[in-house]
Amino acid sequence: MKNLLNPYLWIILLVVGGISVVPILTGDASMREDLFLILMLVVLASSVNIITGYTGYVSFGNIVFFGLGGYFAFYLMQNFETNFVLAALVGGVGASIVAVLIGIPVLRLRGAYFALATIGINEAMRTFVANFDPFGGSVGMFFNYSVYNAYGGAKNALWFAYDGIVVVALATIAASFLIKKSKFGLGLLAIREDQDAAKVLGIDPARAKVIAYTFSAFFPALAGALFFFKNGIIEPDVAFDLLRSIEALVMVMLGGYGTVVGPIVGATVYERITALLITAPSITVLGVSLGFSQLHLAIAGFLLLLIVLFVTAGFVGWLRQRFPRTRRYLE
Amino acid sequence: MNLAVLVSSSIDGLMLGFIYGLAAMGLTLIFGVMRVINLAHGAVITLGMFALYLFSVQLGLNPYLALVLTLFLGLAFGVVMYFISVHRVINAPELTTLLATFSVDLIIVGVGTAIFTTSPFSVNVDLGTYGSGEITVLGTKIVAVLAAILITVALYYFLYRTRIGKSIRAVANNRSAAELMGINTTAMLALSFGLGTMLAMISGGLIATLFTFTILTGDDYQTKSFVIVVIGGLGNPTGALVGGILLGLLEGIATLFMQPSWVPVIEYVAFVLILLLRPNGLFGARA
Amino acid sequence: MTNTASVILAVENVSMRFGGLVALDRVSLTVHEGEIFGIIGPNGAGKTTLFNVINGVYAPHEGRILFRGEDITGMPPFQASRRGIARTHQVVRPLGELTTKENAMVGACFGRENLSLEKSSIVADEILEFVGLAARQDMLAGKLNIAQKKRLEMARALAARPLLLLLDEVLAGLNPQEVAEMLTVIRKIRDQGVTIIMIEHLMHAVMNLSDRVFVLDYGAKIAEGAPQAVSSDPRVIEAYLGDPKMAQRLLEGSA
């Protein structure tokens with residue numbers, strides 16, 4: 001794998017890793033919380049980018065794997081006091097197996113039909129889990145605080161979870177890069193552009209798509225395991241939140257569809273804008289007090305519309321188009 | 001089980017089904033004509049509810065006059081929404097149109113939440129109850145069903161008997177061929193989007209005469225519309241109406257036999273299975 | 001001259017129906033290694049369907065396809081590609097958001113030799129040079145003009161290092177200058193030992209290039225043989241009578 005030595009990969013990893021390590025060094029808990037969320041969104045966006053940005057299959061309900069990973073891991077930790085790392089890996093592998101089983105039939109659907117099916121799968125899973133008693137039904141599950149004892153108490157567990165998300169985020173970025181630069185990745189891009197032509201050129205689309213879908217399931221499942229471990233509580237509406245699923249696609253679009261850096265930039269910018277809007281003071285229009293915190297959805301929507309209409313390629317894509325020479329470096 | 005309860009639940013479900021169907025027809029019409037899945041569908045349904053609330057409660061108009069106003073507002077809003085958010089990306093890949101319409105959803109829900117918060121609203125319309133014994137039906141429901149049927153008939157008359165309606169169907173069949181035949185496709189696309197939006201808004205208005213609602217209620221009807229549209233076949237208005245009635249009946253009757261919380265599980269599983277096995281809908285040609 | 005060479009492709013009694021429409025009606029043909037085999041016929045005769053059956057886009061309703069003695073009937077197209085069958089499309093299908101070179105690399109990567117990215121990059125460079133697209137290698141394929149896209153189709157197919165190349169109207173839509181260039185390319189490919197089956201409407205080209213010509217009409221074979229013999233066959237002329245201009249060109253082509 002000579003791509004492992006690609007300097008561009010190491011620059012991205014060093015930048016992301018370098019920023020991530022700051023709260024660990026300074027012990028800044030509020031920065032840690034901000035970065036946890038950003039890194040988690042980077043994982044979600046970069047992962048959905050593999051099936052959607054590289055392969056061209058719009059996985060609207062990709063959050064289903066985040067939720068499944070979270071539930072599998074949570075269940076093991078709660079009931080069998082399984083070590084977190086093992087529980088998270090089981091969650092990741094479990095979600096990947098589900099991705100294969102779902103992917104084989106569903107990836108035969110094309111375009112809007114596939115997008116709709118992924119929404120249906122997520123909603124079916126959400127409503128099913130809400131009825132599934134071993135997972136706590138609609139109330140969900142919450143930890144005994146003794147679960148955290150193995151990690152040096154609840155406070156240390158937060159740092160442990162943060163270390164975890166840094167590792168998962170870096171792994172996701174590396175995987176996203178290596179896939180894009182591999183022969184397998186070239187096959188995915190060919191499928192995105194024209195599946196039938198790709199098939200004639202010697203690519204087995206069914207197989208390639210399922211593998212891509214599995215990748216886009218594995219990392220979000222790990223992120224889900226971490227997120228709900230950190231929260232100590234998991235419930236269906238949070239685990240299988242369709243809005244968050246769509247937001248991940250918005251981030252991909254914002255940063256640059258099908259690029260490696262795009263989802264990272266998109267996730268960061270999107271999270272920062274939302275955070276800014278939520279904390280901004282309210283304004284009064286026609287005697288009605290309008291909080292930005294309430295308007296943040298509307299403003300996010302407005303920004304998204306502008307991007308979709310005018311900067312279709314996203315920020316990184318725009319750079320690549322505007323300055324073709326950057327194409328060689330900006331993957 | 002009591003037969004009267006079964007009959008009463010079936011009637012209830014059937015009547016609700018007409019309104020579900022009406023909403024879903026809006027979604028399927030837009031998809032059928034331009035292959036766009038309108039993710040602002042639920043928000044537009046909500047808009048219909050609040051339009052009715054504003055016209056009837058705030059301005060004090062008769063609720064059914066308010067419904068007529070809502071109808072025209074829906075048409076106008078749809079045309080405007082088409083030109084703002086869809087026209088520029090009409091030929092782009094699915095993700096683009098999905099996100100373009102989703103952004104409109106965010107804007108409507110965001111502004112709506114800022115103004116109306118997420119607390120419940122209602123429009124009180126009392127037309128009495130009809131029937132006897134255990135089988136009674138609200139007058140408002142009867143009117144809602146009649147309105148749904150009337151609008152459906154009018155829509156079919158428009159699509160199949162008028163020149164403009166035929167043009168819309170030509171555009172749906174083959175946009176470039178329609179263009180060559182001298183049809184103003186942009187106008188037809190905008191009009192279809194307007195009609196689809198109108199159907200969604202008017203169904204929102206009808207729902208508002210029956211139940212309380214919040215700014216987020218439309219989302220439930222959006223997912224129901226997806227299920228219905230898939231049952232009936234994407235792009236098939238008749239299928240949407242039949243699908244709506246089936247779903248309404250299922251919801252009405254299923255709750256007698258199982259926990260209500262299991263009903264959506266069945267709906268969504270059926271949704272995915274139909275997409276996989278009968279992508280043209282239960283009544284469409286086999287895949 | 002080719003009769004002594006071994007058979008690379010045998011199509012045996014292949015039929016294909018779409019609903020009630022019979023697109024191919026018990027078609028049989030054999031192609032020998034190293035020859036250029038022309039397929040002609042009026043529009044809708046089933047020529048492209050025949051290609052689709054040969055490389056596995058469709059599985060025929062009856063009949064067999066043998067490639068180098070192996071039964072490949074109903075095998076998916078990517079398997080056909082791995083075995084050495086490459087094709088171009090009548091309506092060009094560039095991978096629009098990939099560069100010209102990446103397009104060619106896809107061909108090389110997933111073709112008969114199943115090359116690594118590094119090796120396919122070298123092959124792609126060679127092939128782009130060969131078809132005259134080297135200067136456009138970093139351009140997005142979607143931005144190429146139609147003649148360049150036709151050559152890109154050719155490049156992708158060649159990058160797979162095929163044993164059998166199916167060319168579906170590669171000359172259509174090209175101006176005389178471009179046609180001449182493409183003909184040179186086709187001859188060079190044949191000189192490298194690649195067997196070619198070409199569907200072509202441009203009669204003078206197909207008559208000049210082909211070793212043998214096969215005529216399809218309404219999904220069935222109506223003639224087969226040397227170009228001169230075929231073009232004077234009354235059944236062939238009759239098949240084209242619905243299109244007098246085409247009949248005229250056919251006669252000119254044989255002259």
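Leaving aside neighbours within four places in sequence, which residues is A:F142 in contact with? In this predicted model, the partners are A:F74, A:Q78, A:G232 and A:I233.

**A residue in chain A**

A:F142 belongs to strand β1 of chain A, a short run covering residues 141-142. Is the residue buried or exposed? A:F142 counts as exposed, because its relative accessible area is 52% and the cut-off for exposed is over 50%. You can also look from A:F142 across to A:Y75: the two sit 67 residues apart in sequence, and their C-alpha atoms are 9.6 Å apart in space.

**Chains B and C in outline**

Now for the other two chains. Chain B has eleven helices and two strands, whereas chain C has ten helices and ten strands. If you walk along the sequence of chain B, the order of elements is α-α-α-α-β-β-α-α-α-α-α-α-α.

Here are some values for the two chains.

| Property | Chain B | Chain C |
|---|---|---|
| Span along principal axes (C-alpha) | chain B: roughly 60 × 50 × 35 Å | chain C: about 50 × 40 × 40 Å |
| Buried residues | chain B: 56% of 287 residues | chain C: 57% of 255 residues |
| Accessible surface | chain B: about 11800 Å² | chain C: about 10500 Å² |
| Part of that surface from carbon and sulfur atoms | chain B: 66% | chain C: 50% |

How does the radius of gyration fit in? For chain B, a compact globule of 287 residues would come out near 19 Å, and the chain has 19 Å, so the two agree. Chain C tells a matching story on its own terms: 255 residues would give a compact globule a value near 18 Å, and chain C has 18 Å, which agrees.

Contacts across the sequence are worth a look too. Take the contacts in chain B with a separation of 6 or more: 75% of them are between residues 24 or more positions apart. In chain C, 65% of the contacts between residues at least 6 apart join residues at least 24 apart.

**A helix pair in chain B**

Two packed helices are described by the angle between their axes and the distance between the axes. In chain B, helix α2 (residues 41-58) packs on helix α4 (residues 94-116) at an angle of about 35°, and their axes are 9 Å apart. The crossing of α2(B) past α4(B) is left-handed. Which residues make the contact? From α2(B) come B:A43, B:L47, B:F50 and B:L54, while α4(B) supplies B:D105, B:I108, B:V109 and B:F116. Sorted by class, that contact has seven nonpolar residues, one charged and no polar.

Methods. Residues numbered from 1 in each chain as written. Chains lettered and ligands numbered in written order. Predicted model: local features only at pLDDT ≥ 70, side-chain atom pairs only at ≥ 80, totals over all residues. Heavy atoms only, no water. Axes fitted to C-alpha atoms, helices over the stretch in contact; angles between N-to-C directions. Helix = DSSP H or I, 4+ residues; strand = E, 2+ residues; numbered from the N terminus. Left-handed = near helix turned anticlockwise from the far one by under 90°. Contact = heavy atoms within 4.5 Å. Nonpolar A, V, L, I, M, F, W, Y, C, P; charged D, E, K, R; others polar. Rg over C-alpha atoms; globule rule 2.2 N^0.38 Å. Buried < 20%, exposed > 50% of the residue type's maximum accessible area, 1.4 Å probe, protein only. Areas by Shrake-Rupley, 256 points an atom, 1.4 Å probe, with all protein chains shown as cover.
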